[in-house]
Amino acid sequence: MTLDILFYIAFFGQIVLISFIMPRKIDKAAHYVLNNFPAENYPKLYPMPYENYEKQYKYFVLLCRAVLIIGVVLLGLFVSGVFGSDMQRAVPLGYFFVQYLPLIMIEISSRKHLKLMRNDEARTTRKAVLQPRRFIDFVPPRIGIAAIFLYISFAILAIFVELFDTGTSNGFSNLAIITLADIFFLGIIFWNLYGKNQDPYRSNETRLEQIRSLTKSLFLINIAATSFAFLTLLVNFLSIEVAESISLVCYLQLVALLGMPSLKFDHVDFDVYKKDEAVI
Amino acid sequence: MQVTIDVDSSTPLFAQLVQQVKQAVQSDQITAGDPLPSIRQLANDLELNNKTVAKAYRLLERDSVIQTKGYRGTFVHPEAKDNCAIDLEQAAMSQLDHTISSLRKAGITDSEIRIAFGNVMNNRTIKGD
């Protein structure tokens, strides 16, 4: 019973954090940009008519509310006993993916927005900095060392488990999943480092700061994922009885917190989106 | 140090890049040993074809303004500043000027010189010299 109550609290935390606090933060950030950098003064920031942004924003809010209601209903089903403890792992995990739907919607809209920005760009001059962007310069040393250390430790544990386990743990498959996730994260970082500049107006400083923030965030998610996989594997190997569903829900919240997009605009140079002054 | 490329300029894109890197070296904005971005990075940042940037880098390397150190990347050549001062175009012009003067002295007309020059250049291009 105590474990069930703890699970309800943890699941409630997941609902509130990802489907209430995160959308509110995004809402605050969107209003900050719209109020402080209006289309009249910063036309390059809005390649689409203002109404389109309002429409997209309305859909986002609706989707967030729908996901929040789904979460509350699911919690109600757990509390009322319709969903038993056998569902305490699958439901939060499935719901976690549903919770990310509004954020995926934002991501798709922002890709479209940047594409329109690139199409609208009428400049004939292009600028670049004669300085290499090296992966190593963007990884905070302590976080980088911790990620490598954790990965090696996890790989050793996975091999050890495969050699000596009775067959209940999946050392190699866990290692493969973590390795694939690492490759995926590295791909995103490299794409941002060396790929095409998505925002044609963005200053070099803003770009570097955004890459730095993204790299740090992905490394922290990597550390969280590897630590969770490490502990789960160890717990299974040692056959320790723990409430896996609670640890999973807590882990999902940690990932959401670490992966929360940076919504600070201190380092963003908005002057680049101003109207070009007419040359006489 | 920033480079600016004008896509509407009559100067070829690779030549603009070569010129600006040389100017940066001459004005000490980049100095010997400084690392330079990879061809891919610079091409993506300037929205140019990789081959355009590669051609500019090849010419800069030929002039010993930059040097490639395998996987470590591309760096400003230790003697880049002195090498920037050497104007190969000017050297070619003065050599040609000298040759044309001697041909004229020998009684060859300008149109014959032009045809001969064109033929020699075409033959060399075909042979790949």
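The following paragraphs consider the confidence of the model, its internal cavity and a nonpolar patch on its surface.

The structure is a predicted model, and its confidence therefore deserves attention before any detail is read. The mean pLDDT of chain A is 82, and 91% of the residues reach a score of at least 70. Within chain A, helix H7 (residues 171-194) has the highest confidence, with a mean of 89, whereas helix H9 (residues 244-258) has the lowest, at 74.

Turning to the interior, one cavity of 30 Å³ or more is present in the structure. The largest cavity encloses about 40 Å³ of space. Its lining consists of A:Ile18, A:Ser19, A:Pro23, A:Phe60, A:Cys64, A:Gln99, A:Pro102 and A:Leu103. Helix H1 (2-36), helix H2 (50-80) and helix H4 (101-120) of chain A are the elements that each supply two or more of these lining residues. H1(A) provides the largest share, namely three residues. As to chemical character, six residues of the lining are nonpolar and two are polar, while no charged residue takes part in the lining.

On the surface, A:Ile159, A:Phe160, A:Leu163, A:Phe164 and A:Phe172 make a nonpolar patch of about 540 Å². The main contributor to the nonpolar patch is helix H6 (residues 141-164) of chain A, which gives four residues. One of the patch residues, A:Phe164, is located in helix H6 of chain A.

Notes. Residues are numbered from 1 along each chain as its sequence is written. Chains are lettered from A and ligands numbered from 1 in the order in which they are written. This is a predicted model: local features need pLDDT of at least 70, side-chain atom pairs count only at pLDDT 80 or more; totals for chains, interfaces and linings use all residues. Side-chain values use heavy atoms; hydrogens and water are left out. pLDDT is the predictor's confidence in each residue, from 0 to 100. On a 1 Å grid over the protein atoms alone, a cavity is a set of points where a 1.4 Å probe fits but cannot get out, and a pocket is an open set with protein on both sides within 12 Å along at least five of seven lines; lining residues have an atom within 4 Å of a point. Grid points are joined across faces, edges and corners, and a volume is the space filled by probe spheres set on the points. Ala, Val, Leu, Ile, Met, Phe, Trp, Tyr, Cys and Pro count as nonpolar, Asp, Glu, Lys and Arg as charged, and the others, Gly among them, as polar. Patches are made of residues with over 30% relative accessible area and no salt bridge: like charges are joined within 9 Å, nonpolar side chains (Val, Leu, Ile, Met, Phe, Trp, Tyr) within 5 Å. Accessible areas come from the Shrake-Rupley method with a 1.4 Å probe; for residues, only the protein chains shown count as cover. A salt bridge is a side-chain nitrogen of Lys or Arg within 4 Å of a carboxyl oxygen of Asp or Glu.
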